[in-house]
There are 2 protein chains.
Amino acid sequence: LSSTRDPDSGGRPARAGEFQLIERYMAPLAAPRDGEDGGGDAFGLHNDAAVLPPLAPDERLVVTVDTLIQGRHFLDCPAETVGRKALRVNLSDLAAMGARPLGYLLASAWPQDIEEAWIADFCRGLAADQETFGVTLFGGDTTATSGPMTLSLTAFGKLNGATALDRGSVRPGDDIYVSGTLGDAYLGLRALCGELDGLAPAARDTLVRRYRLPEPRLALGQALLDEGLARSALDVSDGLAADLGHLLEASGVAAEIELAALPLGDAARQALTLLAEPPEVVLGGGDDYELLFAAAPGQRAAIAALAERLGLAITRIGRAGAGSGLVVRDAAGREVFLQHRGWTHF
Amino acid sequence: LSSTRDPDSGGRPARAGEFQLIERYMAPLAAPRDGEDGGGDAFGLHNDAAVLPPLAPDERLVVTVDTLIQGRHFLDCPAETVGRKALRVNLSDLAAMGARPLGYLLASAWPQDIEEAWIADFCRGLAADQETFGVTLFGGDTTATSGPMTLSLTAFGKLNGATALDRGSVRPGDDIYVSGTLGDAYLGLRALCGELDGLAPAARDTLVRRYRLPEPRLALGQALLDEGLARSALDVSDGLAADLGHLLEASGVAAEIELAALPLGDAARQALTLLAEPPEVVLGGGDDYELLFAAAPGQRAAIAALAERLGLAITRIGRAGAGSGLVVRDAAGREVFLQHRGWTHF
């Protein structure tokens, strides 16, 4: 763990007590977990860099980084959920590769007026999620910023072999699936922005929680890879239309999806009714962090069994074909116009 | 490589052409280098995360992250040097562990009004340094920010075994050494801030260049580790007094250093004369990225030979002892008061 000093502050640290804050709140996150040897020192707590634990000969390391900026990627979120969201969106990227999480580095740029209580809550949330996901803090960097809080989290995972789920492997004829429900996080954000004040409290809580604490689909990604059920996956962060576009473009295929098949939860349906908006708006809303994947039609029974085993909805929403581009059809087979289609990548 | 969408922008990307900018300028940085197989895809260019190339069984992976914020960690720097500085300060952390660099992840938060030409220059600089240091871009994340440009770079290196240079291994009686010259970068920053306008242009250029483009001492760190010359090292980023304090505290020892022994370059001496400031001010100035290390007195001849072989000044500046704290002595043996001592960590 390091503290990047502010070099134009005439030799004073960017904020008083920075080293102490790191020592008090961040260092415990890097402590070895029960039953592990190696200790915090091996992970570089007091060094410039961290030495990672070795992998088995057939394992491969997977790394990913995502930045979350206050007011942009998290809005009106309790401190306790902010670090957890930063961790979870990165674990979601590991899930989309079929990897098992190991740990993370955290680069934090804090506003200068941040309160110690905020940092304490932030780190308490991270500690809870470290327990949930079996990961530890490998190291990091803390600095002050004149701008919004900016958190860059690098997550590390491992694969059992050299193969990962890949974006570019969808084949014409493959079924397109998505896990869980769509649009909850997007509607949760709109609730936080005051657009859903008439919504029942329980429904509102469901949506807001989905925005604040996405659920990385790690067990699903690992099973899809290990059991050979899918070749291609990604996580829905930009919205289903955009992300499916990425999958199709990387694979050089087209797809049709059925509007009626999209998995919407009860809370999302209530919110859309209140807003008087059609279901397709959820295709342009991000932050769901559900897994979107393609699988051969021969895998339908195995995927249904997997959904049952994981206790997680997995919905077949369409099919890949030759060509390029995404078509969305309503129940009558008519093409649905997507309002935000312009910015998607196809 | 991913683009973190702005979820509160109503489904539009944070800035137009973001995917295109990534594809045009960042993607080439992730291309495999000559003579390497694996290809960009293995490194996750089109996936959520990157799969790293495997290490040999006895090698260990080392990781580090540092954030650089515009106006704070880089000031008045040409675009071409900004990415290079972000890379080099991280390679310097690898050098301090004795590791060999492999590659990096880059999380960039760009101001919304950034110009494409700036990004092109930024990436051209990174491409040059990738060549110099034999590293490649493994992946990253690009987003927009309402605040200052914020770059978090995660660097990956490898050790030949499980042992690294460590901060906590200085022993009483060890000699304290530093590579290169001290204070150049700090004085370069002061030149950029207009404090050294009377300085000869060549001297000014030397100092400014040291601020903008630090030289990670990779060969030195590797030799210190591989040849068993030192157990303990770190890179001087906060200033020698603060960083030596970290080394002493982690090791539970004290040290005395001699002011007259500090390696100052000609340009730094000219600048200090012009400023009418004493040499000890460089102890509080950061950004040198020289290696500070401790070695047993029996290694003096071997370290002198190493300095000769590397063509790099390595100066013995003092000695560790029992106890705690740092004392700086002038040529007459009197203790020197350090103005910025208060914020250092001992």
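**Exercise 1. Placing E249(A)**

Task: In this predicted model, find which helix of chain A holds E249(A), and decide whether the residue is buried, partly exposed or exposed.

Solution: Start with the helix. E249(A) sits in α8, which covers residues 240-251 of chain A. Next, look at the relative accessible area, which is 46% for E249(A). Buried means under 20% and exposed means over 50%, so E249(A) with its 46% is partly exposed.

As a last step, pick R190(A) as a reference point. R190(A) and E249(A) are 59 residues apart along the chain, and 30 Å separates their C-alpha atoms.

**Exercise 2. An overview of chain A**

Task: Work out how many helices and strands chain A has, and what percentage of its residues count as buried.

Solution: Count the elements first: chain A has 10 helices and 12 strands. Then turn to burial, where 62% of the 346 residues count as buried. The accessible surface is about 12400 Å², and carbon and sulfur atoms account for 49% of it. Finally, consider contacts between residues at least 6 apart in the sequence of chain A: 84% of them join residues at least 24 apart.

**Exercise 3. Two helix pairs in chain A**

Task: For α3(A) with α7(A), decide whether the helices are roughly parallel or roughly perpendicular. Do likewise for α5(A) with α6(A).

Solution: Take the first pair. Helix α3 (residues 79-97) and helix α7 (residues 218-226) of chain A have axes that come within 7 Å and cross at roughly 20°. Angles under 35 degrees count as roughly parallel, so α3(A) is roughly parallel to α7(A). Their crossing is left-handed.

Now list the partners. From α3(A) come L91(A), L94(A), A95(A) and M97(A), which meet L218(A), G221(A) and L225(A) of α7(A). Sorted by class, this contact has 6 nonpolar residues, 1 polar residue and no charged ones.

Go on to the second pair. The axes of α5 (residues 184-192) and α6 (residues 201-212) of chain A come within 7 Å, crossing at roughly 110°. Because 65 to 115 degrees counts as roughly perpendicular, α5(A) is roughly perpendicular to α6(A).

Among the α5(A) residues that take part are D184(A), L187(A) and L192(A), and the α6(A) side includes R204(A), R210(A) and R212(A). The classes here are 8 nonpolar, 1 polar and 4 charged residues.

**Exercise 4. Helix α7 of chain B**

Task: Explain why α7(B) can be called largely enclosed by the rest of the structure.

Solution: Check each residue of helix α7 (residues 218-226) of chain B for burial. The buried ones are L218(B), L220(B), G221(B), Q222(B), A223(B), L224(B) and L225(B). That is 7 of the 9 residues, so the helix is largely enclosed by the rest of the structure. Just after α7(B) comes G228(B), with a positive phi of about 65°.

**Exercise 5. Positive phi at Y289**

Task: Say what is notable about the phi of Y289(A), and where this residue lies. Then turn to Y289(B).

Solution: Begin with the general rule: most residues other than glycine have a negative phi. Y289(A) has a positive phi, near 55°, though it is not a glycine. Y289(A) lies in the loop between α9 (266-275) and β10 (291-295) of chain A, and is buried at 9% relative accessible area.

In chain B, Y289(B) has a positive phi of about 55°. Its place is the loop between α9 (266-275) and β10 (291-295) of chain B, and with 9% relative accessibility Y289(B) counts as buried.

Note on methods
Residues numbered from 1 in each chain as written. Chains lettered and ligands numbered in written order. Predicted model: local features only at pLDDT ≥ 70, side-chain atom pairs only at ≥ 80, totals over all residues. Heavy atoms only, no water. Axes fitted to C-alpha atoms, helices over the stretch in contact; angles between N-to-C directions. Helix = DSSP H or I, 4+ residues; strand = E, 2+ residues; numbered from the N terminus. Parallel < 35°, antiparallel > 145°, perpendicular 65-115°, else oblique. Left-handed = near helix turned anticlockwise from the far one by under 90°. Contact = heavy atoms within 4.5 Å. Nonpolar A, V, L, I, M, F, W, Y, C, P; charged D, E, K, R; others polar. Buried < 20%, exposed > 50% of the residue type's maximum accessible area, 1.4 Å probe, protein only. Areas by Shrake-Rupley, 256 points an atom, 1.4 Å probe, with all protein chains shown as cover.
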